[in-house]
Amino acid sequence: MHDKAFDDIPGTILFDADRSREGFHLNQFCMSLMKADNRAAFKADERAYLDAWPMTEAQKQAVLRRDWNGMLELGGNIYFTSKLAATDGLSFQQIAAIMSGVSQQEYAEMMLHGGRPIAGNRSKSEAR
Amino acid sequence: MARITAGVATSHVPAIGAAIDLGRTEQDYWRPMFAGYEASKAWIAEEKPDVIILVYNDHASAFSLECIPTFAIGCAASFQPADEGWGPRPVPVVEGHPQLAWHMAEKLILDEFDMTIINKMDVDHGLTVPLSLMFGEPLAWPCKVIPIAVNVVQYPPPTGHRCFKLGQAIRRAVESFPQDLKVVVFGTGGMSHQLQGPRAGLINAEFDNAFLDRLIADPAGQAAVPHIDYVREAGSEGIELVMWLIMRGALDLKVRVAHRFYHVPASNTAVGHLILENAGR
């Protein structure tokens with residue numbers, strides 16, 4: 001269990017022991033997509049492929065809906081879920097835009113102008 | 001005996017590797033970033049290390065969640081570039097230095113750093129991008145490389161203090177190796193970036209530059225900074241910066257800054273880069 005102080009950081013999901021335990025099969029499913037044969041099998045029938053993994057129904061639904069933030073909340077880790085993104089032909093920057101709720105164009109513009117500022121994004125109390 | 005002469009710190013953003021591999025380094029977006037490494041290529045061509053000890057993290061390429069070593073040392077004779085889902089980077093095979101690596105593993109464990117010993121491992125962009133930035137696109141890497149893989153994916157990574165101490169132990173291990181070898185230590189990853197969640201895209205140039213200042217002048221002070229400061233100020237993936245403290249620990253207390261560079265953005269990330277030369281204990 002991590003220090004609760006981390007929960008004060010807005011828009012950030014710490015991949016700690018609890019999340020790793022909860023997300024083990026979700027992340028290992030993502031890892032399996034490193035192999036071309038597995039990617040083909042997943043694309044051919046996503047539901048059937050997911051059913052071969054002992055994941056929760058909520059995790060499977062998050063994958064099927066491509067709910068990128070939802071996957072993180074259910075124990076997914078970004079370095080693993082990015083393999084699902086790669087299977088869909090999406091870059092890190094594309095899913096970062098989706099996770100932060102803006103268009104890819106807006107996100108790219110923000111990065112070109114110095115990124116998301118820390119002011120206002122430091123703590124939940126500050127953000128309020 | 002073997003000796004450590006200098007340290008190099010650099011970000012290891014995968015998009016930088018892609019820009020090199022796809023011939024995009026002259027594009028307007030990338031030109032200013034690569035310009036910051038021109039002096040570095042000249043520096044390392046002059047420095048000519050025999051061995052690079054390259055501190056980096058694996059990004060779910062060689063290690064899944066099945067096994068998560070906090071500190072691992074690559075003792076193999078060679079390491080293949082990893083297939084990260086879009087084919088391996090078209091870069092040379094990384095040649096190791098098994099004799100020095102095994103010596104370091106023994107010395108480090110007896111020095112109370114319980115290293116995981118790796119005899120077979122593919123190396124991802126975390127290791128190959130820094131080599132590309134420093135050496136360009138040679139047919140073979142011009143020196144041996146000993147990978148030191150650090151867990152920064154599963155919380156908690158090692159503390160900054162522990163990383164700094166590991167760097168000091170690495171120095172002791174290298175200096176007890178009888179063969180005459182010139183060694184440069186790389187610390188990679190960072191700087192501020194967050195790849196996940198609604199706060200993705202976070203960049204904190206003020207934090208990054210203060211980190212660079214303090215890493216140079218007050219590394220023990222920087223080593224005392226807790227994880228939460230990195231996660232809060234530099235983003236969930238900005239915590240990779242603890243790996244720079246391993247490089248710094250392996251150098252003299254006093255260092256000469258041969259090169260310093262900072263640039264935003266490379267994809268989602270702030271790029272930072274230092275070359276530090278030993279200047280007295």
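Two helix axes count as roughly perpendicular when the angle between them is 65 to 115 degrees, and with that range in mind one can begin with a pair of helices in chain A of this predicted model. Helix α7 (residues 92–99) of chain A packs against helix α8 (residues 104–112) of chain A at an angle of about 105°, their axes being 9 Å apart, and α7(A) and α8(A) are therefore roughly perpendicular to each other.

The contact between these helices is made, on the side of α7(A), by Gln93(A), Gln94(A), Ala96(A) and Ala97(A), which meet Gln104(A), Tyr107(A) and Ala108(A) in α8(A). Sorted by character, the residues of this contact are four nonpolar and three polar, with no charged residue taking part. Ala96(A) and Ala97(A), which belong to the contact with α8(A), also appear among the buried residues of α7(A), a list that further holds Phe92(A), Ile95(A) and Met99(A). In looking for what covers these buried residues of α7(A), the reader will find α5, α6 and α8 of chain A included. Just after α7(A), the backbone at Gly101(A) takes a positive phi of about 75°.

The division of chain A into domains gives these helices a wider setting. Domain 1 of chain A covers 15–89 and domain 2 covers 91–128, and the centres of the two domains, taken over C-alpha atoms, are separated by 24 Å. Four residues from domain 1 of chain A and four residues from domain 2 of chain A take part in the contact between them. On the side of domain 1 of chain A that touches domain 2 of chain A, α5 (68–73) and α6 (78–87) each supply at least two residues, and the residues of that side divide into two nonpolar and two polar, with no charged.

Elsewhere in chain A, Thr56(A) has its place in the loop between α3 (46–51) and α4 (57–64). Is Thr56(A) buried or exposed, given its C-beta neighbours inside 10 Å? A residue needs 20 or more such neighbours to be buried, and 12 or fewer to be exposed; Thr56(A) has 14 and therefore counts as partly exposed. Between the C-alpha atoms of Thr56(A) and Leu112(A), which lie 56 residues apart along the chain, the separation is 39 Å.

Chain B can be followed from its overall dimensions inwards. Its C-alpha atoms fill a box of roughly 45 × 40 × 40 Å along the principal axes, and its radius of gyration is 17 Å, which agrees with the value near 19 Å that a compact globule of 281 residues would have. Within chain B there are 10 helices and 10 strands, and 57% of its 281 residues count as buried. Among the contacts in chain B with a separation of 6 or more, 84% are accounted for by residues 24 or more positions apart.

The two chains meet through 31 residues of chain B, which are in contact with 42 residues of chain A. On the side of chain B that touches chain A, α9 (227–234) and β9 (255–266) of chain B each supply at least two residues, and the largest share, four residues, comes from α9(B). By character, the residues of this side of chain B divide into 15 nonpolar, 12 polar and four charged.

Conventions
Residues numbered from 1 in each chain as written. Chains lettered and ligands numbered in written order. Predicted model: local features only at pLDDT ≥ 70, side-chain atom pairs only at ≥ 80, totals over all residues. Domains from an automatic or database assignment. Contact = placed C-beta atoms within 7 Å. Nonpolar A, V, L, I, M, F, W, Y, C, P; charged D, E, K, R; others polar. Rg over C-alpha atoms; globule rule 2.2 N^0.38 Å. Axes fitted to C-alpha atoms, helices over the stretch in contact; angles between N-to-C directions. Parallel < 35°, antiparallel > 145°, perpendicular 65-115°, else oblique.
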